[in-house]
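Me: Please take a close look at a single strand and what surrounds it in the sheet. I would like the criteria behind each term stated along the way.

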Amino acid sequence: TARVANRLIGRDYYGWATVSHDGGPVSASNRLSLEVDYSVADMPAADILFVCVGLSTEFAGKSRVVSALRNWGRRGGALGGLSVGSHLLAEAGQLDGYRCTIHWENRAGFMERFPDIQCTGNVYEIDRKRYTCGGGTTPIDLMLEIIRTDFGSNLANAVANQ
């Protein structure tokens with residue numbers, strides 16, 4: 001969606017980089033290995049730092065990631081959780097006082113572990129500087145809303161039509 005928006009806008013407004021705890025490749029839940037651009041210690045400034053987590057919230061380097069999320073949020077940075085990424089944001093204390101959502105399979109356990117966080121069953125939630133969605137194709141819906149906020153409904157609809 002970001003690439004399509006850039007093409008329709010006619011310039012590179014949206015950019016992205018990938019990050020892991022140590023800068024090394026990560027494995028997706030389907031075992032696809034993904035190269036990344038930065039480690040959490042080297043990541044550049046960004047408008048929104050999104051966290052994407054697969055099937056498990058336990059992984060090598062988790063403490064570095066949680067610490068980086070905590071620091072990013074304390075400095076006033078916008079944070080997003082894709083699917084189970086919301087769980088890491090909550091562990092980092094970055095969803096306290098915010099409305100969020102998470103993948104429907106994880107919602108009951110999330111609500112039990114974090115009873116003071118308002119976790120809805122919505123496809124996505126945007127609450128001030130927190131962006132969360134349920135996973136699967138819902139990041140597309142979330143990004144379309146971000147595009148609509150940035151550029152209006154016409155561009156968001158044009159991107160959706162692509």
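Reply: Strand E6 (residues 78–83) and strand E10 pair in the parallel sense over four bridges, where strands (E, at least two residues) and helices (H or I, at least four) are DSSP runs numbered from the N terminus, and two strands count as paired if DSSP finds at least two bridges between them. This is a predicted model, in which local features need pLDDT of at least 70 and side-chain atom pairs count only at pLDDT 80 or more, while totals for chains, interfaces and linings use all residues. Residues are numbered from 1 along each chain as its sequence is written, and side-chain values use heavy atoms, with hydrogens and water left out.

On the E6 side, Leu82 has Cys133 of E10 as its bridge partner. Strand E9 (residues 124–127) is also joined to E10 by four bridges, but here the two strands run antiparallel, and Glu125 has Thr132 of E10 as its bridge partner. E9 and E10 form a hairpin with two residues between them, and Arg128 in that turn has a positive phi of about 55°.

Strand E10 itself (residues 130–133) is covered on both faces, with Arg130 and Thr132 buried on one side and Tyr131 and Cys133 buried on the other; buried means under 20% relative accessible area, exposed means over 50%, and partly exposed lies in between (1.4 Å probe, protein chains only).

In the wider picture, four strands form an open sheet of mixed pairing in the order E5-E6-E10-E9. E5 and E9 stand at the edges with a single partner strand each, so one side of each is left without a neighbour in the sheet. The twist averages 10° from one strand to the next, with axes taken as lines fitted to C-alpha atoms (for helices, over the stretch in contact) and angles running from 0 to 180 degrees between N-to-C directions. Helix H2 packs on the sheet and touches E5, E6 and E10, its direction making about 140° with that of E6, where contact means heavy atoms within 4.5 Å. Helix H5 (residues 138–151) lies across E5, E6, E9 and E10, running at about 145° to E10.

Two arginines of this region also face an aromatic ring. Arg128 lies over the face of Tyr98 at 4.2 Å from the ring centre, and Arg130 lies over the face of Tyr98 at 4.7 Å from the ring centre; a charge sits over a ring if NZ of Lys or CZ of Arg is within 6 Å of the ring centre and within 35 degrees of the ring normal.

The nonpolar cores complete the surroundings, each being a set of buried Ala, Val, Leu, Ile, Met, Phe, Trp, Tyr and Cys residues joined through side-chain atoms within 4.5 Å. Of the 24 residues in the largest core, Leu69, Leu88, Leu95, Phe110 and Ile117 touch the most other members. Strand E5 (48–53), helix H2 (62–74) and helix H3 (85–91) are the elements that give two or more residues to this core, and H2 supplies its largest share, five residues. A second, separate core of 16 residues includes Tyr131, together with Ile146, Ile147 and Val159. Tyr131 of E10 thus belongs to this second core, while its neighbours Arg130 and Thr132 are buried on the other side of the strand.
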